[in-house]
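Work through the exercises below with the model open beside you. Try each task before reading its solution.

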Amino acid sequence: MPEDTFALRIFRFDPESGKDPGYQDFQVPRGGRSGGLTVLEALFYVLEHQDPGLAFRYSCREAICGSCAMYISGEWKLACQTQVGHALEGNVVTVSALPHLPVIKDLVVDMEPFWRNYEKVKPYLINDGPPPEKERLQSPEDRKGIQEMADCILCAACHSACPSGIANEDYLGPAALTKAYRFVADSRDTAREERLTLVGNEQGIFRCHTIFNCVTSCPKGINQTYSIQQMKKLVMKRNLGLQL
Amino acid sequence: MIYHPVLIVGGGLAGLRAAIAVHDAGLDCAVISRVHPVRSHSVAAQGGINAALGNAEGARDDTWEKHAYDTIKGSDFLADQDAVERMTREAPARVYEMEHWGCPFSRLADGRIAQRPFGGAGYPRTCYAADKTGHALLHTMWEQCVKRGIRTYQEFLVLSLTVREGRALGLIALNILTGEIVPLAADRILFATGGAGRIFGRSTNALINTGSGLAIAYQAEVPLKDMEFIQFHPTALFGTNILMTEGCRGEGGYLVNAEGKRFMEKYASKAMELAPRDIVARSIQTEINEGRGFGKGGAGGGYIHLDLRHLGAKKIKERLPGIRDICLNFAGIDPIDTPIPVQPGQHYTMGGIDTDVTGAAPVEGLYAAGECACVSVHGANRLGGNSLLDTMVFGKLAGDAMAESLAGNANRTEPAPEARTLLEEDLRKTRDRAHRLMAGDGTEDPSAIRDRLKDVMIEKVGIFRDRGTLTEALAEVRELKERVAHIKVRSQARVFNLDLVTNVELEGMLEVAEVIALGALQREESRGSHYRLDFTSRNDADWLKHTLAHRTPEGPQLDYSPVAITHYQPVERKY
């Protein structure tokens, strides 16, 4: 094969063809505009020039929208943020859909289990009091305390990477739990008790066995295990009758 | 047939805010979105949202009136002043509301919302969440929709708008996941479909910003206003054209040419790097064109440096962490110790669907808000921080207007029989169109057409325009429109057919491109972001007016409408 191409090995599944799913190789030119070539750009190359039937999600191409999380050369990655050069194994970049979510077609997964879990944790600020005329005050330190968790782009990489969730769709998973903690830790939220009850069970924080796949897989450098551990501490304190 | 009293097309900030307004008024509504709402381009906004809160040091004297004047002057006096005043007056309420809903704004030491300086602003009034303000706002907005259980139709691409006798009745849309083409009936329809950046090369925009909402409205004979006014953001990362927020300059960053000089001194000696975007973009492009840039002669179009090094690691990590991540991941550099290579990139569509100050379009039952609308609050050039504001103010105003107009008539659960018949007629036409696309002779390659369109637009309808290049651009766009009739959608799949989706979008891009090019050709003056090398001055006597484009079989027909002036007569625009 020519020096100036590499093989993009894509795991294909076409629900309409009746064919078995399997890998398919495409030769894609290297280089690209100045600054290299991303896996997302390589996928577009295949779509436009080789197989118009390829299916994948995309939007921002700048790692902020969360559309393009995939399993690339053995790691959970955003396709738009992954340089082909960094994902090559020999002359091959292998791409498949996020593991452990139902595949609709090729690299498009059914995100319903992920969104369901997200909605279960009441992912919105709850504050009983009437809002002030202006802003509720929040110290920079308090605000810093929720920064990391609020950075989540809901890409589902961590949800897909977590072994505790493989056999158990009801496990809330690292993203939903991190979102829960984002509100537990927000000084403006008044629903801490309710939230801890929501997650303080065996489908929530107690199914986390600190495997840390979530942390490894997160394209935004968020430490989901930390969020879960913090809630475990709070729930234990509450169970022991201590002040939170 | 799917029916909701209110249908909102677009799940970004404007669409979701409108949905909340309609829901809170007690009416049923649904949001139709090409992607899951949190994937909308609103999420990528970085620098902040403007409001005269008066929180920042040096902003105590800020008022909504001053914000209005800055906006009007920034618009090069093309903005409708009553609409601007409405927007700036509502701004604090909308920002406080987002904070009450949990938006994680960055804070001052005393706990109030922090505000940074931004281009063209007399006071620091840009409220921010580090440099990921769009992400913070959109996620908060989506959370509020989840709280209310607002219905969404996700991954639907609207293909056409049904209008009869001046009244909007519904939509025909493609369900991307199943391939079904379905009618959706409504009594009120809001378009919040964003801008058309991807018509241009070197765009900062998301790949989904193809302007297809604008194209559909235009094809349904809804007028598009001021389309020739396209904003080129001064600082797009060289190579990928990912946005480097104006906040970089707001926090103190410098723009430096290949001679090591802060060249903005020549072009805007007072405001320097924080002059409005059109002025800075032209300045940077001039430096590059006159040989004082980097990457001379290279394919990428040259660049200059955005230097943040003197801000220090602490400030960069705290105020601009997203920018740093983008530089590390997409350019392999760390702005803490390396200047960022930037060039101007297409960024924002000031023009759009003609609306009044309540978001109502000239077709009964149709509304528009956000980047796809043109009220006009941004006129010939938008100030940074005003787009996020625009989405929330006019999203709410349009939502309120739709709800109010339906008060008392909201008990319907089915479309009116006439509407149903007409929608079924349009459904047949749209299905035929999809079949035609799939049965084309295939002698043309759609990606070649798309690439050529982007090149034509960025080169000939870009920062510097003149009659010669605009005439060529218009001719080429028209030629591309003829060529696109010969593309063929090659994938016969029903499920997730990107070939069909991208080719439908391509047709729309060409329609919108023609409107932009013609508007630019006809407007023989320079104003805001529209700069003519052959007519370098602003000409208020002949051109203080909005361009209105109507679709006809022979092409766009242009008319003009007056600018609403309340307090401020146009003056010379200097910074």
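**Exercise 1. Chain A overall**

What share of the contacts in chain A with a separation of 6 or more comes from residues 24 or more positions apart?

Solution. Start with the ground rules. This is a predicted model, where local features need pLDDT of at least 70, side-chain atom pairs count only at pLDDT 80 or more, and totals for chains, interfaces and linings use all residues. Residues are numbered from 1 along each chain as its sequence is written, while chains are lettered from A and ligands numbered from 1 in the order in which they are written.

- Define contact: C-beta atoms, placed from the backbone, lie within 7 Å.
- Read off the share: 64%.
- Add burial: 48% of the 244 residues of chain A are buried. Buried means 20 or more other C-beta atoms within 10 Å of the residue's own; exposed means 12 or fewer, and partly exposed lies in between.
- Add the elements: chain A has nine helices and seven strands. These are DSSP runs numbered from the N terminus, with H or I over at least four residues for helices and E over at least two for strands.

**Exercise 2. The sheet of chain A**

Give the strand order of the five-stranded open sheet in chain A, then find its edges.

Solution.

- The order is β2-β1-β5-β3-β4, with mixed pairing. Two strands pair if DSSP finds at least two bridges between them.
- β2 (22-29) and β4 (75-78) of chain A each have a single partner strand, so one side of each lacks a neighbour in the sheet.
- Neighbouring strands are turned by 35° against each other on average, direction ignored.
- Take one pair: β3 (residues 69-72) of chain A runs antiparallel to β4(A), over four bridges. M70(A) stands opposite K77(A) there.
- Now the helix. α1 (residues 39-49) of chain A packs on this sheet and touches β1, β2, β3 and β5 of chain A. The direction of α1(A) makes about 95° with that of β2(A). Axes are lines fitted to C-alpha atoms, for helices over the stretch in contact, and angles run from 0 to 180 degrees between N-to-C directions.

**Exercise 3. Across to chain B**

Which elements do the buried residues of α1(A) pack against?

Solution.

- List the buried residues: V39(A), L40(A), A42(A), L43(A), F44(A), V46(A) and L47(A).
- Their partners in chain A are β1, β2, β3, α2 (84-87) and β5. Chain B contributes α15.
- Widen to the whole contact between the chains: 45 residues come from chain B and 43 from chain A.
- On the chain B side, α3, α4, α10 and α15 each supply at least two residues. α4(B) gives the most, with six.
- By class, that side has 23 nonpolar, 13 polar and nine charged residues. Ala, Val, Leu, Ile, Met, Phe, Trp, Tyr, Cys and Pro count as nonpolar, Asp, Glu, Lys and Arg as charged, and the others, Gly among them, as polar.

**Exercise 4. Two helices of chain B**

How are α5(B) and α15(B) oriented to each other?

Solution.

- Take the geometry: α5 (residues 212-219) of chain B packs on α15(B) at about 70°, with axes 8 Å apart.
- The two are therefore roughly perpendicular. That class covers 65 to 115 degrees; under 35 is roughly parallel, over 145 roughly antiparallel, and the rest oblique.
- Inspect the contact: it includes L214(B) and Y218(B) of α5(B), and V512(B) and V515(B) of α15(B).
- Classify it: six nonpolar, three polar and two charged residues.

Definitions and conventions. Contact = placed C-beta atoms within 7 Å.
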